[in-house]
Amino acid sequence: MQLDIFTLSNGIRVVHREINRPVAHLGLLIAAGSRDELEDEQGLAHFIEHCLFKGTQKRKAYHILSRMEDVGGELNAFTSKEETVIHSSFLSGDYARAVDLICDIAFRSTFPPKECEKEKEVIIDEINSYKDSPSDSIFDDFEELVFPNHSLGRNILGTLESVKGFGTEDIHKFLNRNYSADRMVFSSVGNISAARLRNLLEKQVEDIQFQAGEKRELIMPEPTQPIRDEQTRSGYQTHVVMGSPAYAARHDHMRPLALLNNILGGPGMNSRLNLNIRERYGFTYHLESFYHPYLDTGLFGIYLGTDPGTADRAMNLIDKELKKLRDQKLGVLQLSKAKKQILGQFAMAQENNGALMLSFGKSLLLHDEIESFEEIVQDVEAMKAETLLEVANDILVPEKFSRLIFRNTQP
């Protein structure tokens, strides 16, 4: 896999993979997410992401939204706990258009007060829609349970009160503190040479000079005792999330835990939870485990939605599956199959060039390196059953889990 990595004259890094495909993907990734918000800024990173599209020095909102769609492309953005991303997919012949638009949005937005006020209503509606969906909102509430009084535990969308209170001054304070060249990466996958891409980007950013932003200082969440919280919500299902803090993204055991997560409740229909709870007993339609590694910590968890009468039995079955992984070392054949499955999933993901673009950019942005597929294969193949057993006994321990349960109020 040939990657070109270089730095623009104003300090922004670029990673590019040239491919002979008709569709290209370009994104600007910024190391500023909800965990970079101060206590009175909850939801501000996400609010800024929305307002970036409301007008620039040369475009109104309509022209921003139409610029790529007029030529069959797509323009989008998202905010996560640790980054904000503006990205576009388009025909390779429209690279200049995409570069111009993304740079215009990111560096020349004017944040028109009237437009931003209207966008508050959009975000408030987004918050309310989450409240109407317990299968979505339970994840946000669970993170607050596991990371109390910490920015990682706050809802990315913010609260109704915080969003209503944001003003232009808040936006610019956040931007000045967090949007600096050393915390930005352009990532590209498409049919264009690195030299041509560099020229297009330089033309758009040569006059953009950043004042030195604050050095990103991450505050690691304090250890807490497991909490069990049961609430009543309207609906016909009981929803459950259980889990605990886990390994950070560059921890030696990050990938072994990812493999265990795949075995336990990953996307495969042959995951242990799916086979032994859904297929054998028919207790649930939606059941999964998840692992989110952050820069300095992580989160492992299990979710299920089920009928009220089967919720406790399903949780007991989950505990039994966790016990098997803690007590029984994987056999040679089991381990080989698990490795082949996760490597196959990763290889197929390599065919999604849009996802690759985001992966390259995030790796360079947050970790200053990009692992090749060959390096990942070597890492996975080197895993030993003893290591997986050690990780299972460290993380997959129900006694360490916090549990959030939404009991239904419908008959």
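Buried residues make up 55% of the 411 residues in this chain, and since we're looking at a predicted model, treat that share as a property of the prediction. Burial here means under 20% relative accessible area. What remains open to solvent adds up to an accessible surface of about 19,400 Å², and carbon and sulfur atoms account for 48% of that surface.

Now for overall dimensions. With 411 residues, a compact globule would come out with a radius of gyration near 22 Å, and the chain's value of 23 Å agrees with that. If you want a box to go with the radius, the C-alpha atoms fill one of roughly 60 × 50 × 40 Å along the principal axes.

How is the chain wired together? Take the contacts with a separation of 6 or more: 82% of them come from residues 24 or more positions apart. As for secondary structure, there are 15 helices and eleven strands to trace.

A good place to start tracing is the N-terminal hairpin. Strand 1 covers residues 4–7 and strand 2 covers residues 13–18; the two run antiparallel, with four bridges joining them. Across the pair, Thr-7 of strand 1 sits opposite Arg-13 in strand 2. Five residues lie between the strands, and in this hairpin Gly-11 takes a positive phi near 100°.

Last stop, the charges. Which sign has the higher count among the side chains? Negative: 61 against 47 positive. The centres of the two sets lie 3 Å apart, a handy number to keep beside the 60 × 50 × 40 Å box that the C-alpha atoms roughly fill.

Conventions: Residues are numbered from 1 along each chain as its sequence is written. This is a predicted model: local features need pLDDT of at least 70, side-chain atom pairs count only at pLDDT 80 or more; totals for chains, interfaces and linings use all residues. Side-chain values use heavy atoms; hydrogens and water are left out. Two strands pair if DSSP finds at least two bridges between them. The radius of gyration is taken over C-alpha atoms; the globule rule is 2.2 Å times the number of residues to the power 0.38. Buried means under 20% relative accessible area, exposed over 50%, partly exposed in between (1.4 Å probe, protein chains only). Contact means heavy atoms within 4.5 Å. Accessible areas come from the Shrake-Rupley method with a 1.4 Å probe; for residues, only the protein chains shown count as cover. Lys and Arg count as positive and Asp and Glu as negative; His and the chain ends are not counted. The place of a charge is taken as NZ of Lys, CZ of Arg, CG of Asp or CD of Glu.
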